[in-house]
Amino acid sequence: RPPAATPGAPGAAKVPRWSSASVAAAIALAYAAGLGSRVLLPAGGGPPPSTADAFSHTTHPDMATDGFNWTQLSMSRANNFPSGTIKYLDAATIKERGAMHAWHTTFARSIPALVSGLGDDVAASFSGWRREDYRRHWGEKDVVVAFSPDEMFQRGVLRSGLRRLQAPHRQRMRFDAFLDAQAESERVIPPLEHVAVQQSPSRDLSDFGLPPLPPFVEELVSPTLQARNLWVAAPPKTSVLHYDWQDSVLLQVSGTKRFTLIDPARLHTAYPAVMLMENLVRTGAGQFEPRLTSREVDNFPLANITHPDYDRHPLLRDAHVMTVEVPAGSALFLPAYWFHQVESFAAPGELNVAVNYWFQGHSLATRLYRTLRENVFVNCTLPAAPGQLHPCRNSVLPEDEG
């Protein structure tokens, strides 16, 4: 065997240099190549053990407790924002430095940002609008409307010992019909039902006098834009904790939204889960029938962020949780895979109105968190062991569903 060449000498092989991001990407690919199974069994095979620790039968238990330091280190995210807060930007800075500067300081590093003034002109054009103003201008527009028995427009429920995600009844109708349904529901206290324009898609929001792309960041969003959505509600309304697969810019037009966020670098602390969806079918005002579907959803976790149950979800104590309020005229840059719960507020007689733009930024951070999400979850489609509480049981459930 010939003697090894001295490093730096003629003929010596070049030693590749790996950046921390390259190492992180390689580890992510290693985890992804064979650990992406949707079957949750322990390493030794056989049925899941009977235990109170839901993550004891995740696809890769070590990742739920020890597999996150490399992600945080590779992104150097601990130095990018202080614990418990987010970035704060303003429209003037984005206009001066450009959309791609905003990208590199937020989405590329998976850091949410509140951007003041991004939608000031839009919000000003709707300032002071009452319901009749919306009826006059939007009445003939078609929108997708959700009907829910209460202000929680999604929830986890147990049916025959299995956890399901219950989704509201949705149907397309004219905007003036939505206002009529809303007014009818409010004739009694508490309301018969809660009604909202929820994630109503639009090809061109300019039909509503809204921008087809978020101001000052058009070049960032336009190339990979996937959806434009309109949101309208008379509070109270809550979208429970979940994440989206796409990067998002939310533009607040009227009222205020409060976002409670969980950093995906500690994604396991929210107890990600896979469960079947149950749709509510509205049979009359305030009357609903649940219908089980075959659709699996995996973006709603088990943890309750506003009423935490630390006995059942002890890892939640280690979650990096932050809260931000988005007033009218401001925008929230929300990277993919950030868990968020959203509460809507508005002055009496006014509506909470917002639009969001979903696009695919394809940052390294998004790819890392996608890999984590594919490997760390609890399977709520499996029944509980005899005599054991279901690991996917909600923290608070009606007694007749326990």
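1. Let's start with the empty space inside this predicted model. There is one cavity of 30 Å³ or more, and the volume of the largest cavity comes to about 50 Å³. Its walls are made by Ser 148, Pro 149, Met 152, Phe 153, Gln 154, Arg 155, Gln 166, Ala 167, Pro 168 and Leu 280. Sorted by character, that lining has six nonpolar residues, three polar and one charged.

2. Next, the open space. The largest pocket has a volume of about 690 Å³, and 30 residues line it. If you want to find its centre on screen, look for Gln 154, Gln 199, Trp 231, His 242 and Trp 358, which lie nearest to it. The lining of this pocket is a mix: 13 nonpolar residues, twelve polar and five charged. Gln 154 is worth clicking on, as it appears in the lining of the largest pocket and also in that of the largest cavity.

3. Now for the packing. Nonpolar side chains in soluble globular proteins tend to be buried together. Here the largest nonpolar core has 48 residues, and those touching the most other members are Trp 138, Phe 175, Phe 178, Leu 210, Leu 230, Val 232 and Phe 333. A second core, separate from that one, has 16 residues, among them Tyr 243, Leu 267, Ile 305 and Leu 316.

4. What does Trp 138 touch, leaving out residues up to four places away in sequence? Its partners are Phe 126, Trp 129, Phe 175, Phe 208, Leu 210, Leu 230, Val 232 and Val 353. Trp 138 also belongs to an aromatic cluster, together with Phe 126, Trp 129, Tyr 134, Phe 175, Phe 178 and Phe 208.

5. On rings more generally, the count comes to 15 aromatic pairs. One of them joins Phe 126 and Trp 129 edge-to-face, with 4.7 Å centre to centre and 65 degrees between the planes. Phe 126 and Trp 129 are both buried.

6. Tyr 243 and Trp 245 make another edge-to-face pair, at 6.0 Å centre to centre and 80 degrees between the planes. Why is Tyr 243 counted as buried? Because its relative accessibility is 1%, and the cut-off for buried is under 20%. Trp 245 has a relative accessible area of 35%, so this residue counts as partly exposed.

7. Finally, two charges over rings. Lys 237 lies over the face of Phe 153, 4.7 Å from the ring centre; Phe 153 is also one of the residues lining the largest cavity. Over at Phe 147, the charged end of Arg 282 sits above the ring, 4.2 Å from its centre.

Technical notes:
Residues are numbered from 1 along each chain as its sequence is written. This is a predicted model: local features need pLDDT of at least 70, side-chain atom pairs count only at pLDDT 80 or more; totals for chains, interfaces and linings use all residues. Side-chain values use heavy atoms; hydrogens and water are left out. A nonpolar core is a set of buried Ala, Val, Leu, Ile, Met, Phe, Trp, Tyr and Cys residues joined through side-chain atoms within 4.5 Å. Buried means under 20% relative accessible area, exposed over 50%, partly exposed in between (1.4 Å probe, protein chains only). Contact means heavy atoms within 4.5 Å. On a 1 Å grid over the protein atoms alone, a cavity is a set of points where a 1.4 Å probe fits but cannot get out, and a pocket is an open set with protein on both sides within 12 Å along at least five of seven lines; lining residues have an atom within 4 Å of a point. Grid points are joined across faces, edges and corners, and a volume is the space filled by probe spheres set on the points. Ala, Val, Leu, Ile, Met, Phe, Trp, Tyr, Cys and Pro count as nonpolar, Asp, Glu, Lys and Arg as charged, and the others, Gly among them, as polar. Rings of Phe, Tyr and Trp (its six-membered ring) pair if their centres lie within 6.5 Å; planes under 30 degrees apart count as stacked, over 60 as edge-to-face and the rest as tilted. A charge sits over a ring if NZ of Lys or CZ of Arg is within 6 Å of the ring centre and within 35 degrees of the ring normal.
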